[in-house]
Amino acid sequence: MQDTHLAALSPDLQMLYAAAVVARQKSYSPYSHFAVGAAVRTAEGRIYGGCNVENASYGLCCCGERNAIFAAVCAGERNLEALCVVADTKGPVSPCGACRQVMREFNIKTILLGNMAGAIKICTLEELLPYGFDL
């Protein structure tokens, strides 16, 4: 994993981070008060955002990372290249195991873990989920 800061990212990755921050503003998190935003970029450069959506029945909640990926898939996308997730945490936020496995399903190669202060960790799918389930 590579530690960096928002200002050091390429313009494409800065745009991905910015889209995740905008998505986070739409979070529906009345129970945890932990707003998460995510954005995924396709090989063609299209960006899809997602936020966490909670429910009183916690098993029905969905993370921002999966919502971003699912939004892209619902739009017909299959070639997803990069994903950024952000939250208001001390250090860069890390995705849950379910989100990691969904990232693996769509073979997202570059993953940015970020926080609202601009701290970023860049990692590969293998670093994030070295023994994920494959068919």
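**Exercise 1. Helix α2**

Task: In this predicted model, work out which residues of α2 are buried and what covers them.

Solution:
- Start with the burial list: G64, E65, R66, A68, I69 and A72 are the buried residues of α2.
- Next, look at what sits over them: the cover includes β2, β3 (47–51), β4 and α3.
- Finish by stepping off the end of the helix, where G76, just after α2, takes a positive phi of about 95 degrees.

**Exercise 2. The largest pocket**

Task: Find the volume of the largest pocket, then say which element gives the largest share of its lining.

Solution:
- The volume comes out at about 260 Å³.
- There are 18 lining residues, and the ones closest to the pocket centre are F34, V36, N52, C63 and G64.
- Sorting the lining by element puts α2 on top, with three residues.
- One of those central residues, G64, also turns up among the buried residues of α2.

**Exercise 3. Cysteines**

Task: How many disulfides does the structure hold, and why does C63 not bond to C99?

Solution:
- The disulfide count is zero.
- For C63, the closest cysteine sulfur is the one in C99, but at 3.7 Å it's too far for a bond, because a disulfide needs the two sulfurs within 2.5 Å.
- C74 isn't in a disulfide either: its nearest cysteine sulfur belongs to C62 and lies 11 Å away.
- Now check accessibility: C63 is partly exposed, at 21% relative accessible area, just past the buried range, which means under 20%.
- C74, at 72%, counts as exposed.

**Exercise 4. Two nonpolar cores**

Task: Which residues have the most contacts inside the largest nonpolar core, and which element gives the most to it?

Solution:
- Begin with the general expectation: in soluble globular proteins, nonpolar side chains tend to be buried together.
- Here the largest core has 22 residues, and V40, I69, M103, I108 and I111 have the most contacts inside it.
- Map the core onto elements: β2 (36–42), α2 (64–74), β4 (80–87), α3, β5 (110–115) and α4 (125–128) each give two or more residues.
- β4 gives the most, with four.
- Zoom in on I108: leaving out residues up to four places away in sequence, I108 touches V40, I69, L80, E81, A82, L83, M103 and L125.
- There's also a second, separate core of 13 residues, with Y17, A20, L112 and I122 among them.

**Exercise 5. R104**

Task: Is R104 buried or exposed, and which polar partners does its side chain reach?

Solution:
- Locate R104 first: you'll find it in helix α3 (residues 97–105).
- Its relative accessible area is 12%, so R104 is buried.
- Then go through the polar partners. The side chains of R104 and E126 are joined by a polar contact of 3.3 Å, while the backbone oxygen of L129 sits 2.7 Å from the R104 side chain.
- Widen the view to contacts in general: setting aside residues up to four places away in sequence, R104 touches L125, E126, L129, P130, G132, F133 and D134.
- As a last check, try a C-alpha distance: R104 and Y131 are 27 residues apart along the chain, and their C-alpha atoms are separated by 10 Å.

How values were computed. Residues are numbered from 1 along each chain as its sequence is written. This is a predicted model: local features need pLDDT of at least 70, side-chain atom pairs count only at pLDDT 80 or more; totals for chains, interfaces and linings use all residues. Side-chain values use heavy atoms; hydrogens and water are left out. Buried means under 20% relative accessible area, exposed over 50%, partly exposed in between (1.4 Å probe, protein chains only). A polar contact is a pair of N or O atoms within 3.5 Å; within protein, one must be able to donate a hydrogen and the other to accept it, and residues adjacent in sequence count only if both atoms are side-chain atoms. Contact means heavy atoms within 4.5 Å. A nonpolar core is a set of buried Ala, Val, Leu, Ile, Met, Phe, Trp, Tyr and Cys residues joined through side-chain atoms within 4.5 Å. On a 1 Å grid over the protein atoms alone, a cavity is a set of points where a 1.4 Å probe fits but cannot get out, and a pocket is an open set with protein on both sides within 12 Å along at least five of seven lines; lining residues have an atom within 4 Å of a point. Grid points are joined across faces, edges and corners, and a volume is the space filled by probe spheres set on the points.
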